Amino acid sequence: MSEFFAMGGYAWYVWGSYGVTFACLALEVVFLLKRTGETKA
Amino acid sequence: MNWFWYASPQTFFPLAGTIARACAVLAALLTVVGLYIGFFVAPTDAQQGEAYRIIFIHVPAAWMSMFIYVVMAFWAALGLAFNTRLSSMMASALAPTGALFTFIALWTGSLWGKPTWGTYWVWDARLTSELILLFLYLGFLALQAAIEDPRRADRAGALLAIVGVVNVPIIYYSVQWWNTLHQGASVSLKSSPKMAATMLAGMLVMAFAFWFYAIAVSMLRVRCIIREREA
């Protein structure tokens with residue numbers, strides 16, 4: 001398991017990429033749902 | 001079936017909601033499958049070790065950044081030529097998502113560049129033209145935000161979007177036209193793929209996942225724009 005997260009020593013590069021990517025996409029959805037709620041009212 | 005029926009924002013509104021829901025489900029399923037293939041099925045790369053696994057988001061995000069720009073410019077041009085309200089709204093709805101994928105392509109590329117090239121950034125043709133693409137998206141958004149009247153904002157944004165299209169082939173062919181650190185195309189219609197089948201499969205599944213994600217969020221956003229403008 002820890003071997004998987006170590007990514008052969010490239011953990012920062014691999015998880016830094018995936019983390020920021022999915023954080024960005026999740027944030028976009030959150031802001032969009034917030035905007036949807038605001039425009040409905 | 002009369003396709004022009006859906007050219008009106010009011011009649012398109014419910015359809016956009018249905019498309020958004022269907023595409024969101026598809027995007028979520030494909031992301032799970034794509035990540036499973038990317039991390040558990042695809043083998044470790046002989047040269048790059050595990051660092052290459054960034055490919056499963058880097059390449060799809062870079063494709064999306066260019067593809068969304070072309071689609072955005074297409075809708076903007078249509079809105080400019082025929083004065084169709086919904087076309088311009090689609091262009092505005094696509095821009096933030098396109099900018100986001102451009103940022104993701106640059107960010108993941110940077111984190112991939114460090115272990116493979118030894119640097120996070122280099123003023124190379126591919127990287128520089130992709131950065132210009134980000135500035136084009138941001139310029140489009142800023143220009144539209146700066147103009148009060150939505151119809152005038154649509155026309156000004158459309159001009160910028162159309163002129164900026166010239167940058168897309170520059171990005172695509174930059175690796176052939178100039179000496180660059182960035183590798184050439186990994187997948188092309190003219191030659192067989194230069195990678196293992198499972199690696200290619202993971203990349204294509206993630207590309208479809210991003211594709212459906214982009215459709216889902218742009219449909220949600222166009223619904224917001226329709227509500228805001230037509231209220």
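This is a tutorial dialogue on reading a predicted model with chains A and B.

Reader: What kind of model is this, and how are its parts numbered?

Author: The model is predicted: local features need pLDDT of at least 70, side-chain atom pairs count only at pLDDT 80 or more, and totals for chains, interfaces and linings use all residues. Residues are numbered from 1 along each chain as its sequence is written, while chains are lettered from A and ligands numbered from 1 in the order in which they are written.

Reader: How many helices and strands are there in chain B?

Author: Helices (H or I, at least four residues) and strands (E, at least two) are DSSP runs, numbered from the N terminus. Chain B has seven helices and zero strands, and its elements read α-α-α-α-α-α-α from the N terminus on. For chain A the secondary structure is two helices and zero strands.

Reader: What radius of gyration does chain B have, and what would a compact globule have?

Author: The radius of gyration is taken over C-alpha atoms, and the globule rule is 2.2 Å times the number of residues to the power 0.38. For 231 residues a compact globule would come near 17 Å; chain B has 19 Å, which agrees. Along the principal axes, the C-alpha atoms of chain B fill a box of roughly 55 × 35 × 30 Å. The box for chain A is roughly 50 × 15 × 5 Å.

Reader: Which share of each chain is buried?

Author: A residue is buried if 20 or more other C-beta atoms lie within 10 Å of its own, exposed if 12 or fewer, and partly exposed in between, with C-beta atoms placed from the backbone. Buried residues make up 42% of the 231 residues in chain B and 17% of the 41 residues in chain A.

Reader: How many residues of chain A are in contact with chain B?

Author: Two residues are in contact if their C-beta atoms, placed from the backbone, lie within 7 Å. On that basis 18 residues of chain A are in contact with 23 residues of chain B. The chain A side divides into ten nonpolar, six polar and two charged residues. Here Ala, Val, Leu, Ile, Met, Phe, Trp, Tyr, Cys and Pro count as nonpolar, Asp, Glu, Lys and Arg as charged, and the others, Gly among them, as polar.

Reader: Which residues of H2(A) are buried, and what covers them?

Author: They are Tyr13(A), Val14(A), Ser17(A), Thr21(A), Leu25(A) and Leu32(A). Their cover includes H2, H3 and H7 of chain B. As for length, H2(A) has 30 residues and reaches 43 Å from its first C-alpha to its last, close to the 44 Å expected at 1.5 Å a residue. The expected span is 1.5 Å times one less than the number of residues.

Reader: How many residues does the largest nonpolar core have?

Author: A nonpolar core is a set of buried Ala, Val, Leu, Ile, Met, Phe, Trp, Tyr and Cys residues joined through C-beta atoms within 7 Å. The largest one has 72 residues, and those with the most contacts inside it are Ile54(B), Met72(B), Ala91(B), Tyr213(B) and Ala216(B). Its largest share, 19 residues, comes from H7(B). Leaving aside neighbours within four places in sequence, Met72(B) is in contact with Ala91(B), Leu94(B), Ala95(B), Gly98(B) and Ala161(B).

Reader: Where does H3(B) have a kink?

Author: The bend at a residue is the angle between axes fitted to the seven residues ending there and the seven starting there. In H3(B) a kink of about 30° lies at Ala95(B), shortly before the proline Pro96(B). H3(B) is mostly covered, with 25 of its 33 residues buried.

Reader: Why does Met90(B) count as buried?

Author: Met90(B), in helix H3 of chain B, counts as buried because 25 other C-beta atoms lie within 10 Å. Apart from neighbours within four places in sequence, Met90(B) is in contact with Trp75(B) and Val222(B).

Reader: Which values of phi should I look at twice?

Author: Most residues other than glycine have a negative phi. Met7(A) has a positive phi near 50° and is found in the loop between helix H1 (2–6) and H2 of chain A. Met7(A) is partly exposed, with 19 other C-beta atoms within 10 Å. Asn83(B) has a positive phi near 60° and lies in the loop between H2 and H3 of chain B. Asn83(B) counts as exposed, with 12 C-beta neighbours inside 10 Å.
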